[in-house]
Amino acid sequence: MSLRHHAALLPLCLSLLGTSTTLLAAGAPVKERLKAPTGPTAVLSATSSMGTATVTVDGAGAFQDALVYTNADGLTADLSWRSALFIDGTQIEANDVKQKSTQKAVSSFALGSLQVKLVQQLLPAALAGGYVLDQQYKLSNPGTEPVTLNLLRYNDSDMYDLPTNTFLGDFGYQPQGGSYNYIVSDVAPTPASLTQYIGVKFSGGDVPTSRAVRVCCSNYTDISPEENNTVPNDADQDGISDTGMDMAIAAQAPVTVPPGGSVTVKMKTVLGRSALSGLADLPAR
Ligand SMILES: [Ca+2]
Ligand SMILES: [Ca+2]
């Protein structure tokens, strides 16, 4: 069965793009978009031989516009509904961000008793049609006691058919033994079509980190040991959703910052629209 045939069975989520008005008229449920980004933003863009990606980020690294334009068909996919970093259910915010170049932004802000310096860069990926948003948070502890945080990245992306802007359904995908955690538009891609995808991984904090794909929306709770390494609708437990619906990525990293020291937490978000021979073409680690 094609993905499009699944679409009528799926819970619809709406984009705030202009094209959403026809879906609104159809009476589909409206998904609340909470604050992401907050405050001033920087527009990062990267160009490859396949096209251009543009991600509008705030000073804490949140974004809700991740646009991937493909030269071959002149179509643009928006691969983010909402992506932000949370601690105990509260979104991290910053008051400022400095654009250093078309590809790079820097910011600094206080996070409780910690000082944070964030460097964000958008770069073409090795995979044609793919891009990597590299976000490195340097956490410094000026105090005399260690500080422990549990960082949660929450990324709700919605996979739409282009150019009709029909919601296809999101499928979760976790490479076996890997670190990335994906939402993809198609679980059986072939080189004849362009597959949309977005994946998130954490590194640099304490180990182990946790990953899960969840049914959306607004569920910022910690990943339990039972939920770790799971995707929704995966009866055969192969790390690939058997059916699509509205899903979101959760990636969690515990971090301990020693007194007088610092730790750099690295978050990579790979996103794009690529001709894949299979899901194994996507980065795993
Ligand atoms: Ca499965
Ligand atoms: Ca979603």
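**Strand β9 and its two hairpins**

Good morning. I begin with a turn: β8 and β9 form a hairpin with two residues between them, and Gly 112 in that turn has a positive phi of about 60°. Please keep in mind that this is a predicted model.

The pairing behind this hairpin is antiparallel, with eight bridges joining strand β8, residues 104–111, to β9. One pair from that ladder may serve as a landmark: Ala 110 has Gln 115 in β9 as its bridge partner.

On its other side of the discussion, β9 also pairs with strand β10, which covers residues 130–140. This pairing is likewise antiparallel, and it runs over 10 bridges. Here Leu 122 stands opposite Leu 133 in β10. The hairpin of β9 and β10 has five residues between the strands, and Gly 129 takes a positive phi near 90°.

Let me now turn to the faces of β9 itself. In a regular strand, side chains alternate between the two faces of the sheet. Which residues of β9 lie on the covered face? They are Leu 114, Val 116, Leu 118, Gln 120, Leu 122 and Pro 124. The uncovered face carries Gln 115, Lys 117, Val 119, Gln 121 and Leu 123. Thus Leu 122, the residue opposite Leu 133, belongs to the covered face, whereas Gln 115, the partner of Ala 110, belongs to the uncovered one.

Finally, the setting. The protein chain contains two helices and 19 strands. Of its 285 residues, 43% count as buried. Among contacts between residues at least 6 apart in sequence, 64% join residues at least 24 apart. Thank you.

Note on methods: Residues numbered from 1 in each chain as written. Chains lettered and ligands numbered in written order. Predicted model: local features only at pLDDT ≥ 70, side-chain atom pairs only at ≥ 80, totals over all residues. Buried ≥ 20, exposed ≤ 12 C-beta atoms within 10 Å, placed from the backbone. Helix = DSSP H or I, 4+ residues; strand = E, 2+ residues; numbered from the N terminus. Pairing = 2+ DSSP bridges. Contact = placed C-beta atoms within 7 Å.
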